[in-house]
Amino acid sequence: MKAPEIIRPDSYWQKQDEIIGKEALATLQLEHLTKSLRRVYSNVPFYHTRFDEAGLDPENIKSLEDIRRLSFTTSDDLRANYPFGLLAVSKDEVVRVHTSSGTTGRAKAICFSKNDIECSATLIARCLVMTGTGKGDILQNMMTYGLFTGALIMHYGAEKVGALVIPAGPGNTERQIQLMRDFGTTVIHITPSYSLYLASALQQKGIDPRKDLNLRRAYLGAEPYSEETRKKIEAIYGIDVYNSYGLTEMSGPGVAFECGYKNGMHLWEDHFFAEIIDPETGEVLEDGQEGELVLTSLRREAMPLIRYRTRDITKIITGVCECGRTHRRISRILGRSDDMFVVKGVNVFPQQIEQVLMGIKGVAQNYQILLESYDHLTIRVEIAKELFDGNIEHLLQLQTEITDKVRADILVKPKIELLEPGALPVSEGKAKRVIDNRTM
Ligand code: ADP
Ligand code: ZN
């Protein structure tokens, strides 16, 4: 196999410590961490109290591990201090506010200074250059524009590298297809669920994305998806799919991103200090162990967050990436700790089910998990149109295959309902995969 090309033009965003030795990176992290801690101690009463309670003096930080003495910042803390309670700059330094998309609970507001916007755009520029996007590319941005960071931050970064950006936003599939054809779109930024829906819309119109479109790559993020889904999307469109991770609390997309080797996402450690913790006990885990990602922003000005619990379950991949970058990688996000559900006493992440479904021939693009009781789960699966040809035998075989494979993976036998393509609702933003109708 030919090694993916590593693109490293001598541009200013590249010099922002992307290629840096391990020790230099640690020194840089400590320098920025100290600055950040001093800033919040002086300007944010919430953190001032936290430091005093922990007996930690920000003038006396000796190592990165010193922050382990501080308790975690949670999304509840953000909500309790909504909207400006955690500001570390004066209000007139704030040039933008974003809120999280509110997948779970009430919205959280994150403020940006001019420099915060510049930093996030620069990080995205780094990600794009790393994966080969630049001048001459036409990037159709199908994420939601507005309060959500996904689209706007990508937009700024893509303009920085000189790509032509089509600010399409999500939905209106007919128009998306038209834009892709008229402008010769080469790159799409899209949620995994919408990319699957778009694929089926293209198929229905008799358009083969591999031949009839000009696409080369896609950046997929904002929600968990499995390796099987990536492979499926790559095959349908004939493109490279790169995993992109970020969250509003850490300035949006561009926190961690896959390089050409597509083997975990490089977490930009010169901007974020990462820890993996046991979500039950809060204990910090070793590299390679799976747990909840906790992030400390090192360079945010307006609203730095210290030891923020992301609720995302992942692990640090041990060993150095073949591309040579020293920034450690995180594995594909398994799910959010609050997405996990329990059925028959077993912990299940929706993504485990998706991984199984997307590897089965005949399964189409959309599915839904229905929870009606604590002992059973039903999975509604859309399957290929051709399978509804009147041959009941084939349908029964597929149903059995799905049941057996899901049971082998999650150890609970599901009830499988097969549906025609288009039967399940499609969401324009993040997909809602689990319908939990259980009452306590
Ligand atoms: P929320 O969805 O919490 O309202 P955001 O819109 O900021 O807020 O979304 C950030 C969240 O989206 C992350 O914490 C993570 O759960 C999810 N996410 C983002 N990118 C990915 C990705 N590549 N894989 C899995 N999950 C992702
Ligand atoms: Zn790499």
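What spacing do the donors of the zinc ion (ligand 2) follow along the chain? They follow C-x6-H-x54-C-x1-C.

This is a predicted model, in which local features need pLDDT of at least 70, side-chain atom pairs count only at pLDDT 80 or more, and totals for chains, interfaces and linings use all residues. Residues are numbered from 1 along each chain as its sequence is written, chains are lettered from A and ligands numbered from 1 in the order in which they are written, and side-chain values use heavy atoms, with hydrogens and water left out.

**Zinc site**

Four residues coordinate the zinc ion (ligand 2): C259 (SG), H266 (NE2), C321 (SG) and C323 (SG). Their distances run from 2.1 to 2.4 Å. Donors are N, O and S atoms within 2.8 Å of the metal (3.2 Å for Na, K and Ca); water is not among the atoms, so sites may look incomplete. The angles among the four donor atoms are 101 to 117 degrees, and the site is tetrahedral. Four donors earn that label if all angles lie between 85 and 135 degrees. The ideal angle for four tetrahedral donors is 109.5 degrees.

The pair H266 and C323 links distant parts of the chain, 57 residues apart. H266 lies in strand β9 (residues 265–267), and C323 in the loop between β13 (316–317) and β14 (329–330). Helices (H or I, at least four residues) and strands (E, at least two) are DSSP runs, numbered from the N terminus. H266 is buried at 0% relative accessible area. C323 is buried too, at 5%. Buried means under 20% relative accessible area, exposed over 50%, and partly exposed in between (1.4 Å probe, protein chains only).

**Domains**

The assignment splits the protein chain into domain 1 (1–339) and domain 2 (341–436). Such bounds come from an automatic or database domain assignment. The domain centres, taken over C-alpha atoms, are 30 Å apart. At the interface, 31 residues of domain 1 are in contact with 18 residues of domain 2; contact means heavy atoms within 4.5 Å. The two domains bury about 2,000 Å² between them, 54% of it on carbon and sulfur atoms. Buried area is the accessible area (1.4 Å probe) that two parts lose on being put together, summed over both. How many salt bridges cross the interface of domain 1 and domain 2? The rule finds zero.

Helix α10 (residues 350–358) is mostly covered, with seven of its nine residues buried. Among them are P350, I353, E354 and L357.

**Salt bridges**

The structure holds 30 salt bridges. Each is a side-chain nitrogen of Lys or Arg within 4 Å of a carboxyl oxygen of Asp or Glu. Three are tabulated here.

| Pair | Closest N and O atoms |
|---|---|
| K211 and D208 | 3.4 Å |
| E417 and R380 | 3.3 Å |
| K415 and E417 | 3.6 Å |

Salt bridges that share partners also join K22, E269, D287 and R328 into one network.

K211 is exposed, at 68% relative accessibility. Its partner D208 is buried, at 17%. The pair E417 and R380 links distant parts of the chain, 37 residues apart. E417 sits in strand β20 (residues 415–419), R380 in strand β19 (residues 378–383). E417 is partly exposed at 25% relative accessibility. R380 is partly exposed at 25%.

Conventions. Four donors count as tetrahedral if all angles lie between 85 and 135 degrees; four count as square planar and six as octahedral if opposite donors are over 155 degrees apart and all others between 65 and 115; anything else is irregular.
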